[in-house]
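Here is a model to look through, with one part picked out for a close look.

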Amino acid sequence: MRVLVVGGSPEVASAATVAQAAAGCDAVVAVDAGLDALAAAGLGADLFCGDADSVSAAGAERVREAERAGGPMGVERYRPHKDHSDLNLALAAVRRCWPGAAIRCTCLSGGRPDHFLDVLGRLASWPGPVELVEDTFTGRILQARQRWVIEGAAGATFSFMPLDRACEVSLSGMRWNLERRRCGLLEDVGLSNVVEGQRAQVDCHAGTIVCWLFENPLKMNKTLQ
């Protein structure tokens, strides 16, 4: 089971990227203005989560109509003044509605560095696989004993960043490979590597890391399998 979570980032991914991210997903969750990103891609949502403070007037009307009449889109509306972010509450809803699901995320990384740090914090605690899909990169958040196999991306720039104080990482198929390298919180050892083989591999043996592959994901369908 894979759920697409479309966020309300001020810098929205293109309609083509959102459509590509939705391919192969079993359910779609719009987080506030993420509903507009889905509409631009010609897609709907199974669930809307948010306080509707950043969605367009047309999107807000779709939310109100779903609240009034029901239908294919469920609604979880939150108070504007709350202790947690819309994304945090939306992930809790995903856990309730689709227990054990893997998640794929888009429209979460642009425009606000404080929000992006919150995004990383929320996604780093997700128990299953996490995929990131934006216009210029794909990515993964890997926890202990998780692996990312990258195919068909020779020449792409790859980076990873440790999100724990004690991480252990192996890389193969890269210009600079690692074998169970220990690294600390936000250490820069993983920046600006290059994929050199047709098949590369990232293994997180301990801790949690975020990984990015910097190439247009529409050219890299194999990485989204």
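What follows is a single request and one long reply.

Q: Could you walk me through helix α5 (residues 113-124): which of its residues are buried, what do they pack against, and what does α5 give to the lining of the largest pocket?

A: Sure. First, the housekeeping: this is a predicted model, so local features need pLDDT of at least 70 and side-chain atom pairs count only at pLDDT 80 or more, while totals for chains, interfaces and linings use all residues. Residues are numbered from 1 along each chain as its sequence is written, and side-chain values use heavy atoms, with hydrogens and water left out.

Now α5. The helices here are DSSP runs of H or I with at least four residues, strands are runs of E with at least two, and both are numbered from the N terminus. α5 has twelve residues and reaches 16 Å from first C-alpha to last, close to the expected 16 Å; that expectation is 1.5 Å times one less than the number of residues.

Its buried residues are Val119, Leu120, Leu123 and Ala124. Buried is under 20% relative accessible area, exposed is over 50%, and partly exposed is in between, with a 1.4 Å probe and protein chains only. Look down the axis of α5 and those buried residues fall within an arc of 120°, so they line one face of the helix. The arc is taken from the directions between the helix axis and the C-beta atoms.

What do they pack against? Two of the partners are α4 (86-97) and β5 (102-106). The others are β6 (130-133), β7 (138-143) and β14 (208-214). Contact here is heavy atoms within 4.5 Å. β5 and β6 turn up again elsewhere, among the elements that cover the buried residues of α1.

Then there's the largest pocket, with about 460 Å³ of space. On a 1 Å grid over the protein atoms alone, a pocket is an open set of points with protein on both sides within 12 Å along at least five of seven lines, a cavity is a set where a 1.4 Å probe fits but cannot get out, and lining residues have an atom within 4 Å of a point. Points are joined across faces, edges and corners, and a volume is the space filled by probe spheres set on them.

Of the 24 lining residues, the closest to the pocket's centre are Gly8, Ser85, Asp86, Leu87 and His115. α4 and α5 each supply at least two residues of that lining, and α5 gives the most, with four. By type, the lining divides into eight nonpolar, nine polar and seven charged residues. Nonpolar covers Ala, Val, Leu, Ile, Met, Phe, Trp, Tyr, Cys and Pro, charged covers Asp, Glu, Lys and Arg, and the others, Gly among them, are polar.

There's a cavity to check too: a search of the whole structure finds one of 30 Å³ or more, with about 40 Å³ of space in it. Val119 is one of its lining residues, along with Cys105, Leu108, Ser109, Phe116, Leu132, Glu134 and Phe137. That lining splits into six nonpolar, one polar and one charged. So much for the cavity; Val119 also counts among the buried residues of α5.

If you want another helix to set beside it, try α3 (residues 57-69), with 13 residues and a reach of 18 Å, close to the 18 Å expected. Gly59, Ala60, Val63 and Ala66 are buried there. They cover an arc of only 120° around the axis, which puts them on the same side of α3. On the other side, Ala57, Arg68 and Ala69 are exposed.
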